[in-house]
Amino acid sequence: MSHTAPAFLAREDLNRLLQLLQGQGYRLCGPQVRDGTIVYDHLADTAALPRGWRDTQQPGHYRLQQHDSPRYFDWANGPQAIKPLTFPAREVLWEARRRESGELEFIVPDQALEKVAVIGVKACDLAALALQDQHFLQAEYQDPGYLARRKGLFLVGVNCSRAAATCFCVSTGDGPAIEQGYDLLLDELEEGFLIRSGSDSGAVLLAELPLEAALPGQIDAAEQQVQQVARSQQRRLMPVSPGSLMQQRQHPQWDDVADRCLACGNCTQVCPTCFCHHQQDLLQLSGEASEHQREWDSCFSESHGQLAGFQVRSTVKQRYQQWMTHKLDSWQEQYGRSGCTGCGRCMSWCPAAIDFVEEANKITGDG
């Protein structure tokens, strides 16, 4: 793997990077404004990037405002991480068809590799991708669809220049600076970008860009920018030792949060690490074919807790306990770390404005 020192790329030359990626057969995906939010979508060129847009976030609140700024990545995050690129919200795992002979034929969809370059990935979402890798690729069984999509990714990360009031990645150790998992890494400055490579394929592209030597003042400005983002984070999630939340299941705060929680599952749908899902068969009316689908689910849904004739989590309190306890506590036993990367989306997109960090700190006794 090739890690290089930062060089300077003028803002107008970012399109050259996109053209090089397209020339190597990558489909581009990057942040864009859609329906009042910033989401990752098909990207033609830099004109579609969210130039000058910034977000303000609080529990139950997300708004975009445009400023007179040349920056493309001066925002914290949107409702969507890059999870849908490797773990889509709905996919067909196999199809069944009846042959003319009457026998059933089972067909697995083509898992051909598609090359996708994702522009502007933030630190919390690269950390979430590493956790998804653990679940889908490093467990007892590999997920072939996830593997094919993961192999095709080329990741252009960008260090954060701004934190939302809901961000707390410093507490989880996942940001705001990106340490690994990228092919190319950007620091956005007023006059352009510092750029460096983190992989051999990134280094190859870097060599074809019109770069200048980075000035000491630019390198210092980029470091100061990241440090300022870290200092500006208003929330601190207290450490949760393995087993500690499991021992707090009688804490009265669970009843308090359950009275406010709507069990809508928004927090799990926007979480970049959640992987709960269910499977279902969709039958054609002719009875000659069916699709076996996998679809995102949530531990807040009633059906998710329904096992062979009985319900294991009949109350909202039990579902909230399951979510937070698994995310912050028992996940550590499964994957060696917490399942939270501090992006704060679960708070911004909670219609009841529940503050995840505040609730966790109260239950662990430090809030």
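This is a short talk on the overall build of one protein chain and on two of its buried residues, Gln233 and Glu359.

Before anything else, a caution: what you have in front of you is a predicted model.

I'll start with the chain as a whole. The protein chain contains 12 helices and 16 strands. Its C-alpha trace spans about 65 × 65 × 35 Å along the principal axes. For 367 residues, a compact globule would have a radius of gyration near 21 Å, and the 22 Å of this chain agrees with that. Half the chain is out of reach of solvent by our criterion: 50% of the 367 residues count as buried.

On contacts, take the pairs in the protein chain with a separation of 6 or more. Of these, 70% are between residues 24 or more positions apart.

Now the surface. The exposed area is about 16900 Å², and carbon and sulfur atoms supply 49% of that. As for charge, the chain has 33 positive and 46 negative charges, and the mean positions of the two sets are 3 Å apart.

Next, Gln233. Where does Gln233 lie? It is in the loop between helix 7, residues 216-232, and helix 8, residues 253-260. Is Gln233 buried or exposed? Gln233 is buried, because its relative accessible area is 5%, and the cut-off for buried is under 20%.

What does Gln233 touch, beyond its neighbours within four places in sequence? The contacts are Ala163, Cys167, Phe168, Cys169 and Val170. Two of these residues also come up in polar terms. The side chain of Gln233 reaches the backbone nitrogen of Cys169 at 3.1 Å. A polar atom of that side chain also lies 3.2 Å from the backbone nitrogen of Val170. Gly152 is another matter: it is 81 residues from Gln233 along the chain, and the two C-alpha atoms are separated by 34 Å.

The second residue is Glu359, which sits in helix 12, residues 356-363. Glu359 is buried as well, with a relative accessible area of 2%. Which side chain makes a polar contact with that of Glu359? The partner is Arg260, at 2.9 Å. Arg260 also appears in the list of residues that Glu359 touches, leaving out those up to four places away in sequence. The others in that list are Gln253, Val257, Tyr320, Met324 and Ile354.

To recap the two sites: the side chain of Gln233 reaches backbone nitrogen at Cys169 and lies 3.2 Å from that of Val170, while Glu359 pairs with the side chain of Arg260.

Note on methods
Residues numbered from 1 in each chain as written. Predicted model: local features only at pLDDT ≥ 70, side-chain atom pairs only at ≥ 80, totals over all residues. Heavy atoms only, no water. Helix = DSSP H or I, 4+ residues; strand = E, 2+ residues; numbered from the N terminus. Rg over C-alpha atoms; globule rule 2.2 N^0.38 Å. Buried < 20%, exposed > 50% of the residue type's maximum accessible area, 1.4 Å probe, protein only. Contact = heavy atoms within 4.5 Å. Areas by Shrake-Rupley, 256 points an atom, 1.4 Å probe, with all protein chains shown as cover. Lys, Arg positive; Asp, Glu negative; His and termini not counted. Charge placed at Lys NZ, Arg CZ, Asp CG, Glu CD. Polar contact = N/O pair within 3.5 Å; in protein donor to acceptor, adjacent residues only side chain to side chain.
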